[in-house]
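Let's take a walk through this fold, from the overall layout down to a few individual residues. Keep the viewer open as you read.

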Amino acid sequence: MAKFENEGAYVPSMLMLGHHRARKVTIKSGAGVLGRGTVLGQVTADKKYLKSILAANDGSQVPDAILSEQVDATSADVEAIVYIAGEVDQEKLILGAGHTLGSVDGSVDAVFRTKSIWLVKPMG
């Protein structure tokens with residue numbers, strides 16, 4: 001007779017909700033450990049990505065993509081997959097200093113809408 005056992009619980013971590021687009025980018029050395037859902041900006045000079053911080057002045061202050069998985073770029077550049085379009089669970093985003101979901105001017109949401117990234121608060 002079959003015996004069923006509890007082998008643990010599956011807890012989904014739905015960052016992206018529905019259709020999305022992704023691509024490979026380079027996370028710049030020195031960025032440190034970045035978690036899944038980190039909002040990234042692209043450095044204008046070398047086209048590499050860092051955590052988007054509003055006070056930056058190298059281009060990375062503009063939110064451009066969302067990191068798909070945790071990476072460690074502490075001591076070397078790292079290739080990573082980022083989301084560049086789709087619906088994302090806004091509660092799972094990791095925002096850099098100065099960025100908020102509720103800002104009016106220059107908000108992450110407003111910038112992302114121009115890039116076809118939609119911040120959504122899931123129901124349920």
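What follows goes from the whole chain to one central strand, then to the cores and a few single residues.

First, bear in mind that this is a predicted model. The chain is mostly a strand story: it has eight strands and one helix. Reading from the N terminus, you pass through β-β-β-β-β-β-β-α-β, with the helix slotted in just ahead of the last strand. Of the 124 residues in the chain, 35% are buried. As for contacts with a separation of 6 or more, 65% of them link residues 24 or more positions apart. On the outside, the chain exposes about 7,600 Å², and 53% of that comes from carbon and sulfur atoms.

Now go to strand 5, residues 63-67. How many of the five residues of strand 5 are buried? Five of the five are, so strand 5 is largely enclosed by the rest of the structure. Part of its surroundings is easy to trace through the strand pairing. Strand 3 (residues 39-42) runs antiparallel to strand 5, and three bridges join them; if you want a specific pair to click on, take G41, whose bridge partner in strand 5 is P63. Strand 5 also pairs with strand 7 (residues 78-89), again antiparallel, through two bridges. Here you can look at I66, which has Y83 as its bridge partner in strand 7.

Step just past the end of strand 5 and you land on S68, in the loop that leads to strand 6 (71-73). Is S68 buried or exposed? With a relative accessible area of 6%, S68 falls under the 20% cut-off, so it counts as buried. Beyond its neighbours within four places in sequence, S68 is in contact with R36 and with a run of I81, V82 and Y83.

That brings us to the hydrophobic side of things. The largest nonpolar core has twelve residues: V25, I27, L34, L40, Y49, A65, L67, V71, A73, V78, A80 and V82. Strand 1 (16-27), strand 5, strand 6 and strand 7 each put in at least two residues of this core, and strand 7 gives the largest share, with three. V82 is a good place to look around from: leaving out neighbours within four places, it is in contact with R21, A22, R23 and V25, with L40, and with A65, I66, L67 and S68. Apart from this core lies another one, of eleven residues, which includes I66, V108, F112 and L119.

Follow strand 7 along and you reach D89, which belongs to that strand. D89 is buried, with a relative accessible area of 3%. A polar atom of the D89 side chain lies 2.9 Å from the backbone nitrogen of E91. Farther off in sequence, D89 is in contact with M14, L15 and L17, and also with V120 and P122.

Last stop: L95, in the loop between strand 7 and helix 1 (108-113). L95 is partly exposed, at a relative accessible area of 25%. Its C-alpha atom is separated by 5.7 Å from that of V39, although the two residues are 56 apart along the chain. V39 is also one of the residues L95 is in contact with, along with K51, T100, L101 and V108, once neighbours within four places are set aside.

How values were computed: Residues are numbered from 1 along each chain as its sequence is written. This is a predicted model: local features need pLDDT of at least 70, side-chain atom pairs count only at pLDDT 80 or more; totals for chains, interfaces and linings use all residues. Side-chain values use heavy atoms; hydrogens and water are left out. Helices (H or I, at least four residues) and strands (E, at least two) are DSSP runs, numbered from the N terminus. Buried means under 20% relative accessible area, exposed over 50%, partly exposed in between (1.4 Å probe, protein chains only). Contact means heavy atoms within 4.5 Å. Accessible areas come from the Shrake-Rupley method with a 1.4 Å probe; for residues, only the protein chains shown count as cover. Two strands pair if DSSP finds at least two bridges between them. A nonpolar core is a set of buried Ala, Val, Leu, Ile, Met, Phe, Trp, Tyr and Cys residues joined through side-chain atoms within 4.5 Å. A polar contact is a pair of N or O atoms within 3.5 Å; within protein, one must be able to donate a hydrogen and the other to accept it, and residues adjacent in sequence count only if both atoms are side-chain atoms.
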